[in-house]
Amino acid sequence: MRVYVPLTLPGLAEAHKTGELGSGPLVAYAVTPALREWYLSDDIEELEYAALSRAALASLRLLAADPGAPRRRVVVAVDVPDRATEVDPDRGLDPAALGEMRVSGTVPLAKAASVHVDAGDAEADVAAAAEALGAADGGDDDAQFVVDGAEDHELLWFATQEIPNLVGAAG
């Protein structure tokens, strides 16, 4: 199963150093039954993009919690065995948790298919979105507009061989 793991650039640097995305349970995003139902689509590419977008929002939450991290969202696409994944039935239909799942066990970085990272020109909007996230969660429409502004930036695709260059840029 292809899952999307939200990180930050320092988190990616740590994964590069240790060779793993972490030991489970890891929060990841994937094409879950609830995500399929919510998006009402049979197009797997659209659904994968929706899961990636959910992971990008989770990466933004990680940035909001780590003011020292460079203001660029990071998502690692990784293939894991189906048996290593689990959807929380209590959160399955919560719109805030669409596509969310847990991955058990250690997830080797070698299983990554690609890395998705904001371009440098997105940093100002991502920084503003990370700052506004709490107010947006509280129902502030203006803050939600700022958070949505980060989503206007497409994450760039990088091959896993490019991770050393990406984490070098984080330092």
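1. The contact between H4 and H5 is a good place to begin, and on the H4 side it is made by Asp 125, Val 126, Ala 128, Ala 129, Ala 132, Leu 133, Ala 135 and Ala 136, which meet Ala 143, Gln 144, Val 146, Val 147, Gly 149 and Ala 150 in H5. Sorted by class, the residues of this contact comprise 11 nonpolar, two polar and one charged. The model is a predicted one, and local features are reported where pLDDT is at least 70.

2. As to the geometry of this pair, the axes of H4 and H5 lie 7 Å apart and the helices pack at an angle of about 145 degrees, while the crossing of H4 past H5 is left-handed.

3. The largest pocket has a volume of about 650 Å³, and its lining is made up of 31 residues, with Ser 53, Arg 54, Ala 56, Leu 57 and Glu 151 lying nearest the centre. The elements that contribute two or more residues to this lining are strand S3 (26-29) and the helices H3 (44-65), H4 (123-137) and H5 (141-151). Helix H3 gives the largest share, 10 residues. In terms of class, the lining of the largest pocket holds 18 nonpolar, four polar and nine charged residues.

4. Turning to enclosed space, the structure holds two cavities of 30 Å³ or more, and the second largest cavity contains about 40 Å³. Its lining consists of Ser 53, Ala 56, Leu 57, Leu 60, Arg 73, Val 147, Ala 150 and Glu 151. At least two of these residues come from each of H3 and H5, and the largest share, four residues, is supplied by H3. The lining of this second largest cavity divides into five nonpolar, one polar and two charged residues.

5. Some residues recur between these features, and they deserve a look in the viewer. Ser 53, Ala 56, Leu 57 and Glu 151, which are among the residues nearest the centre of the largest pocket, also line the second largest cavity. Likewise, Val 147 and Ala 150 belong to the H5 side of the contact with H4 and appear in the lining of the second largest cavity.

6. On charge pairing, side chains of opposite charge can pair when their charged atoms come close. With a cut-off of 4 Å between nitrogen and carboxyl oxygen, the count comes to six salt bridges. One of them joins the side chains of Lys 17 and Glu 14, with an N to O distance of 3.6 Å. These two residues are separated by about one helical turn because they stand three residues apart in helix H1 (residues 9-18).

Definitions and conventions
Residues are numbered from 1 along each chain as its sequence is written. This is a predicted model: local features need pLDDT of at least 70, side-chain atom pairs count only at pLDDT 80 or more; totals for chains, interfaces and linings use all residues. Side-chain values use heavy atoms; hydrogens and water are left out. On a 1 Å grid over the protein atoms alone, a cavity is a set of points where a 1.4 Å probe fits but cannot get out, and a pocket is an open set with protein on both sides within 12 Å along at least five of seven lines; lining residues have an atom within 4 Å of a point. Grid points are joined across faces, edges and corners, and a volume is the space filled by probe spheres set on the points. Ala, Val, Leu, Ile, Met, Phe, Trp, Tyr, Cys and Pro count as nonpolar, Asp, Glu, Lys and Arg as charged, and the others, Gly among them, as polar. Axes are lines fitted to C-alpha atoms, for helices over the stretch in contact, and angles run from 0 to 180 degrees between N-to-C directions. A crossing is left-handed if the near helix is turned anticlockwise from the far one by less than a right angle, and right-handed if clockwise. Contact means heavy atoms within 4.5 Å.
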